Amino acid sequence: MKNIALIGSTGSIGRQTIEVALENPDKFKIVAMAADSSYALFEKQLALIKPEYAALADSAAAEKIAEVPAETKFCGGKSAALAAASYEKADVVLVAAGGFAGLKYSAAAINAGKTLALANKETLVCGGDFIIPLAKSKGVAIMPVDSEHSAIWQCLGFDLGAPFRRLIITASGGAFRDLEQKELENVTPQMALKHPTWNMGAKITIDSATLLNKGFEVIEAHHLFGADYDKITAVLHPQSIVHSMVEFSDGAVLAQLSCPTMKLPIQLALSCPVRERLKGAELDFTKLLSLEFRPLEEGRYPCFSLAKACGRAGGTLPCALNAAGEVAVRAFLSEKIKFTDIFRVADGVVQSENRQSVRSLEQLTEVDRSARLRAEELISKLA
Ligand code: MG
């Protein structure tokens, strides 16, 4: 039995983690659970899971929780939520909290010596330069939950340090992969929220349409697998069946294939190195199955190129880009700016960032805050 602390239980990954745990009651037990502010869903989850410890980071939302199971100690507030990430009885902490906020939970889990199942991208995009050395110094293993990184990790035999020649990250191409460049000016949030193959949260679905998400995944792979940027290639693969590939020194390529379900990488991050049974990921090779790969035309996806450039430049640039991206996507979703303005805002914020080496969580928090302000300024000029 593995004891799990689940951070971000009400988001898309959090909800699927709960399904995985409930489908394997003899393998996984969620002992601690935290979320931000979605109190109605959190209350339902409490009744279902009955964790020993639970917290909502938003104190006002925590006050709205009416019923808490007798088995559960429930608290409200940011530090109470943070305590879930270092809950003593947890063997694995799955950090699925969204956005920059996820970084502090990952750092807390690592500082407590817990195995980190990592679904939060910002942990490595913004904080990779200190999170990876911190995990090494504490002897903490990181289990990737992002489907592409899970695929690469599987191809490397669950060894983040295994040798390879090239990492090949697949991208569906997002909602607008077949649109002409000029048509992008007028796409609506509703159109952007229809992802062709994956069902995910709103922010990441928009980031998939701009391919900013794919750029972030290149940065994640750089940190996670110690890969030079020259050794990471992204290719378009519209079917989302091959989740990523690894090329080795002799030219052999290993790929991981399955139906697009996040439950596979979630479950594997919790059960590794054992593979447990899972329904819904199987492919039917008795039916026609075609797999297609196309070069990723960077000119079509300026957010992707910007993210890669920020990754290469390093330091605080990816953190500033992430903050700008979050603010710009929110502005697009509330129809304040156009789809193509997401890049304009992100690029403007990155250009004005005074790049520094990454030193601490406090420093990154300040970089994040100031980048958000600059993004808001740019948005008010565009709107
Ligand atoms: Mg992914």
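Mentor: Two strands are taken to pair if DSSP finds at least two bridges between them. The structure under discussion is a predicted model.

Trainee: In what order do the five strands of the open sheet lie, and which are the edge strands?

Mentor: The pairing in this open sheet is mixed, and the order is β11-β10-β8-β9-β12. An edge strand pairs on one side only, and this applies to β11 (253-257) and β12 (294-295). The edge strands are therefore, by the pairing rule, β11 and β12.

Trainee: Which residue of β9 is the bridge partner of Ala171?

Mentor: Strand β8 (residues 166-171) and strand β9 (residues 232-236) run parallel and are joined by five bridges. Ala171 belongs to β8 by these bounds. Its bridge partner in β9 is Leu236.

Trainee: Which residues are the protein donors of the magnesium ion?

Mentor: The donor residues follow the spacing D-x1-E-x68-E in sequence. Asp146 lies in the loop between β7 (142-144) and α7 (147-155), while Glu217 is in helix α10 (residues 212-225), so this pair ties together parts 71 residues apart in sequence. Both of these residues are buried. At 2.1 to 2.2 Å from the ion, the donors are Asp146 (OD), Glu148 (OE) and Glu217 (OE).

Trainee: Is Glu220 buried or exposed, and what is its relative accessible area?

Mentor: Glu220 is found in helix α10 and touches Lys121, Leu124, Val125, Asp146 and His149, leaving aside residues up to four places away in sequence. Glu220 and Asp146 are 74 residues apart in sequence, with their C-alpha atoms 9.5 Å apart. Buried means under 20% relative accessible area. Glu220 is buried, at 3%.

Trainee: Which helix gives the most residues to the largest nonpolar core?

Mentor: This core has 128 residues, and those touching the most other members are Ile7, Leu94, Leu167, Phe225, Leu321 and Ile342. With 11 residues, the helix that gives the most to the core is α13 (residues 317-333).

Trainee: Why does this core lie between domain 1 and domain 2?

Mentor: In general, nonpolar side chains of soluble globular proteins tend to be buried together. Here the core lies between the domains because residues come from both domain 1 (2-144) and domain 2 (152-260 + 282-382).

Trainee: How many of the 17 residues of α13 are buried?

Mentor: From first C-alpha to last, α13 reaches 24 Å, close to the 24 Å expected at 1.5 Å a residue. The helix is followed by Glu335, whose phi is positive, near 60°. α13 is largely enclosed by the rest of the structure, because the number of its residues that are buried is 15.

Note on methods
Residues are numbered from 1 along each chain as its sequence is written. This is a predicted model: local features need pLDDT of at least 70, side-chain atom pairs count only at pLDDT 80 or more; totals for chains, interfaces and linings use all residues. Side-chain values use heavy atoms; hydrogens and water are left out. Donors are N, O and S atoms within 2.8 Å of the metal (3.2 Å for Na, K and Ca); water is not among the atoms, so sites may look incomplete. Helices (H or I, at least four residues) and strands (E, at least two) are DSSP runs, numbered from the N terminus. Buried means under 20% relative accessible area, exposed over 50%, partly exposed in between (1.4 Å probe, protein chains only). A nonpolar core is a set of buried Ala, Val, Leu, Ile, Met, Phe, Trp, Tyr and Cys residues joined through side-chain atoms within 4.5 Å. Domain bounds come from an automatic or database domain assignment. The expected span of a helix is 1.5 Å times one less than its number of residues. Contact means heavy atoms within 4.5 Å.
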